[in-house]
Amino acid sequence: MLYFYHGQDTYRSRRAVHDIVDQFREKYGADLRVHWFDAEDERVAGRMKEAFGSGSLFSAKSVVAVERLCASNVLFERMRDMVSQSAGRKDILVILWEAGITHETRRWAEVCEKAADHTQEFEPLKGPALARWINKEAATRGVELTDAMRSHVAVEGSDLW
């Protein structure tokens with residue numbers, strides 16, 4: 001399976017990636033291998049290719065999360081086939097995360113979107129959706145907000161938690 005998450009709201013998109021990995025950890029426990037890469041730090045594709053190819057029907061399940069792959073032209077070019085081949089696989093879940101799609105990264109993002117089994121864009125929340133999200137996030141954290149605090153947080157938006 002291949003999931004592609006991107007958008008300007010990096011807090012909610014990163015949270016979604018972590019939630020998926022946590023769900024897989026809960027489901028598979030010790031039988032799950034998790035590989036996490038940041039393409040900005042990863043200069044050689046070898047370790048990533050090894051992680052992409054690590055699944056099989058008879059071995060532990062794998063999750064491979066890769067951040068900012070579209071932003072690394074050279075690395076994406078080397079990983080392009082592995083990304084495309086990840087779609088539909090049952091033995092491995094590949095999650096690609098991008099902070100936001102720019103003019104420079106659009107080309108690679110389109111490759112990811114076409115190949116992905118699931119794509120989600122996280123745009124900054126506004127208006128009533130932002131207010132609901134703030135209330136829910138505060139409740140999850142056990143924080144009580146005054147009206148003044150809610151107004152201040154709403155000005156900052158959903159990406160700065």
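**Note on the predicted model: pocket, cavity, rings and cysteines**

1. The largest pocket has Y11, R12, R15, D19, F122, W133, K136, E137 and T140 as its lining. Helices α1 and α5 (127–140) are the elements that give two or more residues to this lining. Its volume is about 200 Å³. By class, three of the lining residues are nonpolar, one is polar and five are charged. Here a pocket is an open set of points, on a 1 Å grid over the protein atoms alone, with protein on both sides within 12 Å along at least five of seven lines, and a lining residue has an atom within 4 Å of a point. A volume is the space filled by probe spheres set on the points, which are joined across faces, edges and corners. For the classes, Ala, Val, Leu, Ile, Met, Phe, Trp, Tyr, Cys and Pro count as nonpolar, Asp, Glu, Lys and Arg as charged, and the others, Gly among them, as polar.

2. On the basis of the values: the model is predicted, local features need pLDDT of at least 70, side-chain atom pairs count only at pLDDT 80 or more, and totals for chains, interfaces and linings use all residues. Residues are numbered from 1 along each chain as its sequence is written, and side-chain values use heavy atoms, with hydrogens and water left out.

3. The chain has six helices and five strands. Along the sequence they follow the pattern β-α-β-α-β-α-β-α-β-α-α. Helices (H or I, at least four residues) and strands (E, at least two) are DSSP runs, numbered from the N terminus. The C-alpha trace spans about 55 × 40 × 25 Å along its principal axes. Of the 161 residues in the chain, 41% are buried. Buried stands for under 20% relative accessible area, exposed for over 50%, and partly exposed for values in between (1.4 Å probe, protein chains only).

4. The whole structure holds one cavity of 30 Å³ or more. A cavity is a set of grid points where a 1.4 Å probe fits but cannot get out. The space in the largest cavity is about 50 Å³. Its lining consists of R14, V17, H18, W36, A65, V66, E67, I95 and W97. Two or more of these residues come from each of α1 (10–28), β3 (61–67) and β4 (92–98). Six of the lining residues are nonpolar, one is polar and two are charged.

5. Two of the cavity residues, R14 and W97, also meet through a charge and a ring. The charged end of R14 sits over the ring of W97, 4.3 Å from the ring centre. The criterion is NZ of Lys or CZ of Arg within 6 Å of the ring centre and within 35 degrees of the ring normal.

6. Five aromatic pairs are found in the whole structure. Rings of Phe, Tyr and Trp (its six-membered ring) pair if their centres lie within 6.5 Å; planes under 30 degrees apart count as stacked, over 60 as edge-to-face and the rest as tilted. Y5 and F122 make an edge-to-face pair, 5.6 Å centre to centre with 75° between the planes. This pair links distant parts of the chain, with Y5 in strand β1 (residues 2–6) and F122 in the loop between β5 (118–121) and α5, 117 residues apart. Both rings belong to buried residues: Y5 has a relative accessible area of 4%, and F122 has one of 5%. Ring pairs join Y3, Y5 and F122 into a cluster. F122 also appears in the lining of the largest pocket.

7. A further aromatic pair, F24 with Y28, is tilted: 5.8 Å centre to centre, 40° between the planes. Both residues lie in helix α1, four residues apart, about one turn of the helix. F24 is partly exposed at 24% relative accessible area, and Y28 is partly exposed at 24%.

8. How many disulfides does a search of the whole structure find? The count is zero. C70 is in no disulfide, and its nearest cysteine sulfur, that of C112, is 3.8 Å away. A disulfide is a pair of cysteine sulfur atoms within 2.5 Å, so a separation of 3.8 Å does not qualify. C70 is buried, at 1% relative accessible area. C112 is likewise buried, at 1%.

9. R68 has a phi near 60°, a positive value in a residue other than glycine. Most residues other than glycine have a negative phi. R68 lies in the loop between β3 and α3 (73–86). This residue is buried, with a relative accessible area of 17%.
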